[in-house]
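Thanks for sending this one over. Here are my notes, written to be read with the model open beside you.

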Amino acid sequence: MTILATEGLTKRFPRVTALDTLSVTVTPGVTGLVGANGAGKSTLIKILLGLLEPTAGTAQVLGLDVATKGAEIRRSVGYMPEHDCLPPDLSATEFVVHMAQMSGLPRTAARERAADTLRHVGLYEERYRPVGGYSTGMKQRVKLAQALVHDPRVVFLDEPTNGLDPQGRDDMLRLIRRIGAEFGISVLVTSHLLGELERVCDHLIVIDGGKLLRSSAIGEFTGVTQTVTVEVEEDSRPLAARLGELGETVSAAGRLLMVKVRGPETYDAVRDAVCDLDMSLIRLEQGRRRIEDVFRGSAAEIDETGQAGRTHETTSAAASGGVTV
Ligand SMILES: Nc1ncnc2c1ncn2[C@@H]1O[C@H](COP(=O)(O)OP(=O)(O)OP(=O)(O)O)[C@@H](O)[C@H]1O
């Protein structure tokens with residue numbers, strides 16, 4: 001089943017091409033859309049909602065053409081916009097009930113759904129207070145609640161962790177995971193931070209300058225590496241030396257040793273060396289690549305394909321944890 005698909009999607013503004021012949025397919029689950037600021041993420045979401053007309057190309061959401069079925073798409077899709085858009089004098093309840101009614105729910109059903117949804121996003125106690133006095137994290141939850149209140153099949157979340165502190169980010173990421181896993185709603189979530197999408201998504205789409213860099217299942221980004229991480233209770237330097245004598249390639253990262261796996265004999269060598277030195281093994285773990293490492297590695301590849309140097313900057317900046325405006 002396809003949640004959405006674009007084919008050659010292009011959006012040109014007078015001074016910039018925001019989307020450049022983008023062809024992607026999204027299947028059910030939680031999909032991350034990652035790219036630096038200005039990569040074209042919000043533009044794509046607005047086109048998918050039928051709020052912005054593409055210059056060229058086509059797109060469908062839930063099988064509906066964005067060019068002609070915008071209103072129908074918006075009935076089945078929830079949208080959490082990036083920027084603050086909440087009326088400060090209304091309470092969360094008043095606002096979310098209003099949004100539910102706008103989606104066609106009768107008043108009583110709207111009130112019930114709003115109460116349920118606010119409880120799901122963790123805003124039950126404070127729901128009668130005016131939104132203007134809320135913290136950023138609480139405002140993000142109200143925006144999320146209004147996107148969910150009409151029981152959509154899909155939600156588009158545009159930078160939901162923006163402006164949140166680490167605890168708020170963790171809470172929001174957990175909520176996003178629950179929306180996908182427990183409520184069975186497919187999620188398209190954007191971020192300029194690769195690391196946080198790695199934690200919640202099943203699939204990742206990476207764009208830069210409006211072009212597709214990569215679209216893959218998370219497992220394909222983070223497949224196992226040929227490195228094993230070894231941690232012992234004692235000073236690890238004698239162990240590194242011993243493994244070196246046994247012909248293993250070892251590098252140290254703090255108190256951890258990274259040992260290149262030649263084959264099963266590498267595991268035997270670690271076991272024997274730890275025993276010989278009478279050490280206590282805490283951890284022996286096969287390495288998994290982090291998405292950020294994949295992009296560090298692929299910067300060279302990208303350059304070879306002749307893409308603009310900007311791509312390199314984007315990926316390295318994203319790899320270091322974030323890209324700012
Ligand atoms: N209405 C508009 N008119 C002119 N240019 C626009 C308009 N909307 C977006 N752009 C430009 O299109 C490019 C893509 O913008 P977009 O907002 O889609 O990026 P983004 O990846 O969502 O980044 P951000 O997270 O900073 O919003 C940017 O260069 C932006 O300045």
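1. Which strands does helix α5 lie across, and at about what angle does it run to β6? Helix α5, residues 136-148, lies across β6 and β7 (154-157). Its direction is at about 165° to that of β6. Please keep in mind throughout that this is a predicted model.

2. Now to the sheet that holds those two strands. It is an open sheet of 6 strands, and reading across it gives the order β6-β7-β8-β3-β9-β10, with mixed pairing. The edges are taken by β6 (77-80) and β10 (211-217); each has a single partner strand, so one side of each is left without a neighbour in the sheet. Ignoring direction, neighbouring strands here are turned by 15° against each other on average.

3. One pair in this sheet is worth a look. Strand β3 (residues 30-34) and strand β9 (residues 203-208) are joined by 4 bridges in the parallel sense. If you want a spot to find on screen, try Val34, whose bridge partner in β9 is Val206.

4. There is also an open sheet of 4 strands, in the order β2-β1-β4-β5, and its pairing is antiparallel. At its edges stand β2 (17-26) and β5 (64-65), each with a single partner strand, so each has one side left without a neighbour in the sheet. Within this sheet, β1 (residues 4-12) pairs with β4 (residues 56-61) over 5 bridges in the antiparallel sense. Here Leu4 stands opposite Val61 of β4.

5. Helix α1 links this sheet to the ligand part of my notes. It lies across β1, β2 and β4, and runs at about 115° to β1. Helix α1 (residues 41-48) also gives the most to the shell around the ligand, with 3 residues. That shell has 13 residues, the closest being Phe13, Ala18, Asn37, Ser42 and Thr43. Sorted by class, the shell holds 4 nonpolar, 6 polar and 3 charged residues.

6. Next, the helix pairs. In general, two packed helices are described by the angle between their axes and the distance between the axes. For α3 (residues 92-102) and α4 (residues 107-120), the angle is about 125° and the axes are 8 Å apart. These two helices are therefore oblique to each other, and α3 passes α4 in a right-handed crossing. On the α3 side, the contact uses Ala92, Thr93, Val96, Val97, Ala100 and Gln101, which meet Arg107, Ala110, Arg111, Arg113, Ala114, Thr117 and Leu118 of α4. The residues of this contact divide into 7 nonpolar, 3 polar and 3 charged.

7. How do α3 and α5 cross, and within what distance do their axes come? The angle is roughly 25°, and the axes come within 9 Å. With an angle under 35 degrees counting as roughly parallel, α3 and α5 are therefore roughly parallel to each other. Here too the crossing is right-handed as α3 passes α5. Ala92, Phe95, Val96 and Met99 of α3 make the contact with Val142, Ala145 and Gln146 of α5. By class, the residues of the contact of α3 with α5 are 6 nonpolar, 1 polar and no charged.

Definitions and conventions. Residues are numbered from 1 along each chain as its sequence is written. This is a predicted model: local features need pLDDT of at least 70, side-chain atom pairs count only at pLDDT 80 or more; totals for chains, interfaces and linings use all residues. A residue is near a molecule or strand if its C-beta atom, placed from the backbone, lies within 6 Å of it. Ala, Val, Leu, Ile, Met, Phe, Trp, Tyr, Cys and Pro count as nonpolar, Asp, Glu, Lys and Arg as charged, and the others, Gly among them, as polar. Axes are lines fitted to C-alpha atoms, for helices over the stretch in contact, and angles run from 0 to 180 degrees between N-to-C directions. Angles under 35 degrees count as roughly parallel, over 145 as roughly antiparallel, 65 to 115 as roughly perpendicular and the rest as oblique. A crossing is left-handed if the near helix is turned anticlockwise from the far one by less than a right angle, and right-handed if clockwise. Two residues are in contact if their C-beta atoms, placed from the backbone, lie within 7 Å. Two strands pair if DSSP finds at least two bridges between them.
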